[in-house]
Amino acid sequence: MKIDSRYFCFGCGATGDSIDLAGKLLDLSPFESMTRLAQDFGVDIWSKRKSSGAKGKIIPFNPSIKSNSVLDTRASATTTASEDALPVNMKKWTAKAVRVLLRYQDDLRSWKIAYAPDKADDDWHPCFEESLALQDKVEYWLNILLFGEEYEKELLYEDLHEEVKKLERRYFREVRN
């Protein structure tokens, strides 16, 4: 299969754009595949454009949205919440989590280079394995904390606050020693 701006399958001769490809792979209509792609890539296609040259607002991907319904996607994608609506302790936790996760992200990036195996058959260092496993997750969490909606931050807090505490203790212990 060749994919550039349009795809072409050398096996069956099918051709089309990304919406056609998604529709064929997921057995969706063109409208449903366009909606699904917008949801998966976090593009708000439902907001009105402010000017003729403006693009749709980018929204963070929400893995908790499992519905394929266009109305459900539209309702969840267009809800907006002000940063001021967060309780003070949530704002403090968000700031602390961003600080801790940025440091952890920096460590993961450096571990990926420093502990990379020299040969393909070498054993992997645990720090290298950790960097491969968590680098994308940490980036996703940071995107939610920095650009996400209030409900996304609250969901992340429920799932992540203990992990942030562990990381904070780990880094605090390193500074003290």
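Me: Before I look at charge networks, what counts as a salt bridge here?

Reply: A salt bridge is a side-chain nitrogen of Lys or Arg within 4 Å of a carboxyl oxygen of Asp or Glu. The general idea is that side chains of opposite charge can pair when their charged atoms come close. In this structure, Lys96, Arg99 and Glu168 are linked in a network of such bridges. One caveat: this is a predicted model, where local features need pLDDT of at least 70, side-chain atom pairs count only at pLDDT 80 or more, and totals for chains, interfaces and linings use all residues. Residues are numbered from 1 along each chain as its sequence is written, and side-chain values use heavy atoms, with hydrogens and water left out.

Me: How many salt bridges does that rule give?

Reply: The count is four. Take Lys96 and Glu168, whose closest N and O atoms are 3.6 Å apart. Lys96 is in helix α4 and Glu168 in helix α6 (residues 150-176), so the pair ties together parts that are 72 residues apart in sequence. Glu130 and Arg170 also meet in a salt bridge, at 3.7 Å from N to O. That pair links distant parts of the chain too, with Glu130 in helix α5, Arg170 in helix α6, and their positions 40 residues apart.

Me: Which salt bridge has both partners in helix α6, about one turn apart?

Reply: Glu162 and Lys165, which are three residues apart in that helix. Their side chains meet at 3.8 Å, N to O.

Me: How do I read helix and strand labels, and in what order do the elements run?

Reply: Helices (H or I, at least four residues) and strands (E, at least two) are DSSP runs, numbered from the N terminus. This chain has six helices and three strands, and the order from the N terminus is β-β-β-α-α-α-α-α-α.

Me: Is Gln105 buried or exposed?

Reply: Use relative accessible area: buried means under 20%, exposed over 50%, and partly exposed in between (1.4 Å probe, protein chains only). Gln105 counts as buried because its relative accessibility is 8%. Gln105 belongs to helix α4. Skipping its neighbours within four places in sequence, Gln105 is in contact (heavy atoms within 4.5 Å) with Val138, Glu139 and Leu142. Across the chain, buried residues make up 28% of the 177 residues.

Me: What does the contact pattern say about sequence separation?

Reply: Look at contacts between residues at least 6 apart in sequence: 50% of them join residues at least 24 apart.

Me: And surface patches: which residues form the nonpolar one?

Reply: Patches are made of residues with over 30% relative accessible area and no salt bridge; like charges are joined within 9 Å, and nonpolar side chains (Val, Leu, Ile, Met, Phe, Trp, Tyr) within 5 Å. Areas come from the Shrake-Rupley method with a 1.4 Å probe, and for residues only the protein chains shown count as cover. Here the nonpolar patch is Phe41, Val43 and Ile45, with about 270 Å² of accessible area together. Val43 sits in the loop between α2 (30-41) and α3 (70-78), and is partly exposed at 32%.

Me: Which residues make up the negative patch?

Reply: Asp118, Asp121, Asp122, Asp123 and Glu129. For signs, Lys and Arg count as positive and Asp and Glu as negative, while His and the chain ends are not counted. The place of a charge is taken as NZ of Lys, CZ of Arg, CG of Asp or CD of Glu. Asp122 lies in the loop between α4 (88-114) and α5 (126-147), and counts as partly exposed at 31% relative accessibility.
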